[in-house]
Every structure is written in C-alpha cells, then in structure tokens.
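Dear colleague,

I am passing on the structure below, together with some notes on what came out of going through it. Please have the coordinates open while you read, since the notes go from place to place in the chain.

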Amino acid sequence: MTGTETSGSGDIARTLDLLWHGGPRPSRGPKPGLTLDRIVEAAIRVADAEGLAAVTMRRVATELGTGTMSLYRYLPGKAELLDLMLDRVQRPSGTAQEDIGWRAALEHLAHATLALLREHPWLLHVNQSRPVLGPSAIEGMEVVLTQIRPMGLTDAELVSAVVMIDGYVFGAARTQLHSEQAERATGLTDAEFWEAQLPVLEEALATGRYPVMAGLAEDAFGPDFDHFGFGLERILDGLEVLVARRAQAGRERQVG
C-alpha cells in the first residue's frame, strides 16, 4: 500500500517516556491550555477527516489554533506523535469484560478491531510490525491473554492466536478499503463495475470451458454473504480442534 508510515521510526526512548510518563511539561512558552493529550487528540481528528498524510506538525498546530513551534515543546516530531496516536486509539473504553470464554473473547477481539479500523481507516496505512508498546496496547493484550489463557496452549501459541486474528481482520479491512477507494477513483459502484463485465463473462461461461464457474448459484458472488464472519468462524473452529486435542493429550498423560 502506498503512503505507508512506520511505527517506531522516531526516538524510541522519547516515545516511551511520552507514552508512559507524559514527558516533561514545558516550563515556558506554550499557549495556555495546550497539553500532550490535546495534541494527540487533534492529530487523530485530522487523520480521521483527511487521512494520515495530512497529519503534519503544522496542520495539527492549525487544528489547535497555535503556532507550530509550540508543539515541539511537547514532543520531537511526527514520528513520535504517530506512536502516541496509535496507542491512544487502542485505549480501552468502559469496564473490563466478564469471563466469556476464549472463543467469544477472540470473536469479540476480531469485531472490535474491525470496528476500530472502520472508525480510523488511516491505521491501515501504518506499518505496525514493530510497535512501540504503550499503556493502551499492554492493557489490551493483558485483557485478551487473560481471557484466552484457559485454551491450554503455550504462551507463544496464545500470542500467535491473537496475531492470527489481527492479521485476518487487517486483511479483510484492507480489502474493504481498497474497494471503497476503487469506487471513488472510477465513479462506478461495485454493482455497476460487475454489470459492465457481464456480457463478456456470460459469453465465456457459455463455451463450456468453465463448467464449475458456470454451475455456481447466482448469489455465489453476491454482496449478502458474510465473508468476514464465515472466515472468522473457520479460524475459531480450527483453534477449537487444537484446544480439544491438547486437552485430550493432557487427560491421557494424567491417566498414564
């Protein structure tokens, strides 16, 4: 994806200090009422409304009604600001979930992550392969790992299960984003795009060279099928088989 930014590309020590301690408060100069929290929240508003590329120190300062140099009294630059934005949007809301079981917890994680990406589509333009871990990220992982620990998997496997769900959701969200971008770029809806191809496709399928494709139900590629839900359930089904297998092996060891 073009225009990708990379998390953790700034001063890591400064970023960690800002994430965990808020950084030093400027002793002089900044506009009264300006805080690191306000800067991060303003940057998120700009990214939500205009895209990540629009987030510059100058643009965020304009959003806050202050001078650009005022922001540099709070943080070094955009790279560190991006890491603060990433942690901020992951901040848990409300109270912690009750014990709902590992499968429901992973399903909830998937839908919550999808909702987050729809609310902040600019997240799909960030390479987060090396995140700088702040309070929100750590708290989120703590909640999920607590919920899924009863799976009986190794610690590495538990983390891998979370990574698997995360990768699946990001892939699905990115496909949806690409579809929306294609519609804006071409001016054609999905229905109009496929309708334009229909005469040629019908002619090709009528040749008999593609009997499986020709025999598919009319709604096989329809928009009403929940591809996201279907794929998620199959991932969880696979994990359920593994959990059952590990539980059975544990019982056999106890008997033996």
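**What was found**

E183 is found in helix α8. Please keep in mind throughout that this is a predicted model. With a relative accessibility of 36%, E183 counts as partly exposed, and, leaving aside residues up to four places away in sequence, E183 touches L188, T189 and D190. S70, by contrast, is 113 residues from E183 in sequence, and the two C-alpha atoms are 40 Å apart in space.

**The overall fold**

The secondary structure of the protein comes to 11 helices and 2 strands, and from the N terminus on the elements run β-α-α-α-α-α-α-β-α-α-α-α-α. The radius of gyration is 24 Å, whereas the globule rule gives 18 Å for 256 residues, so the protein is more spread out than a compact globule. Taken along the principal axes, the box filled by the C-alpha atoms is roughly 75 × 65 × 30 Å. Buried residues make up 32% of the 256 residues, and the protein exposes about 15700 Å², of which carbon and sulfur atoms supply 56%. If one takes the contacts between residues at least 6 apart in sequence, 79% of them join residues at least 24 apart.

**The nonpolar core**

The largest nonpolar core has 58 residues, and those with the most contacts inside it are L81, M85 and W122. The elements that give two or more residues to this core are α1 (12–21), α2 (36–50), α3 (57–64), α5 (78–89), α6 (102–119), α7 (135–148), α8 (155–186) and α11 (227–255). Which residues does M85 touch, not counting those up to four places away in sequence? They are V40, A43, I44, A47, L52, V55 and W122.

M85 is among the buried residues of α5, a helix of 12 residues that reaches 16 Å from its first C-alpha to its last, close to the 16 Å expected at 1.5 Å a residue. In α5, 10 of the 12 residues are buried, so this helix is largely enclosed by the rest of the structure. The buried residues of α5 are E80, L81, L82, D83, L84, M85, L86, D87, R88 and V89, a list in which you will find E80, D83, D87 and R88 beside the leucines.

Two residues from other helices can be read together with α5. T15 lies in helix α1 and is buried, with a relative accessible area of 0%; not counting residues up to four places away in sequence, T15 touches E80, D83, L84 and V132. A137 lies in helix α7 and, at 11% relative accessibility, counts as buried. With the same exclusion of sequence neighbours up to four places away, A137 touches D87 and Q90, while the C-alpha atoms of A137 and V89, 48 residues apart along the chain, are separated by 9.5 Å.

α2 has 15 residues and reaches 21 Å from its first C-alpha to its last, close to the 21 Å expected at 1.5 Å a residue. Its buried residues are L36, I39, V40, A42, A43, I44, V46 and A47, and these pack against α1, α3, α4 (68–72) and α5. After α2 comes G51, whose phi is positive, near 100 degrees.

**Aromatic pairs**

The structure holds 3 aromatic pairs, and two of them are described here. Y168 and F228 form a stacked pair, 5.4 Å centre to centre with 25 degrees between the planes. This pair links distant parts of the chain, with Y168 in helix α8 and F228 in helix α11, 60 residues apart. Are the two partners buried or partly exposed? Y168 counts as partly exposed because its relative accessibility is 22%, which is above the 20% under which a residue is called buried, whereas F228, at 13%, counts as buried.

F193 and W194 form an edge-to-face pair, 5.0 Å centre to centre with 80 degrees between the planes. At 39% relative accessibility, F193 counts as partly exposed.

With best regards

Conventions:
Residues numbered from 1 in each chain as written. Predicted model: local features only at pLDDT ≥ 70, side-chain atom pairs only at ≥ 80, totals over all residues. Heavy atoms only, no water. Core = buried A, V, L, I, M, F, W, Y, C linked by side-chain atoms within 4.5 Å. Buried < 20%, exposed > 50% of the residue type's maximum accessible area, 1.4 Å probe, protein only. Helix = DSSP H or I, 4+ residues; strand = E, 2+ residues; numbered from the N terminus. Contact = heavy atoms within 4.5 Å. Expected span 1.5 Å × (residues − 1). Rg over C-alpha atoms; globule rule 2.2 N^0.38 Å. Areas by Shrake-Rupley, 256 points an atom, 1.4 Å probe, with all protein chains shown as cover. Phe/Tyr/Trp six-rings, centres within 6.5 Å; stacked < 30°, edge-to-face > 60°.
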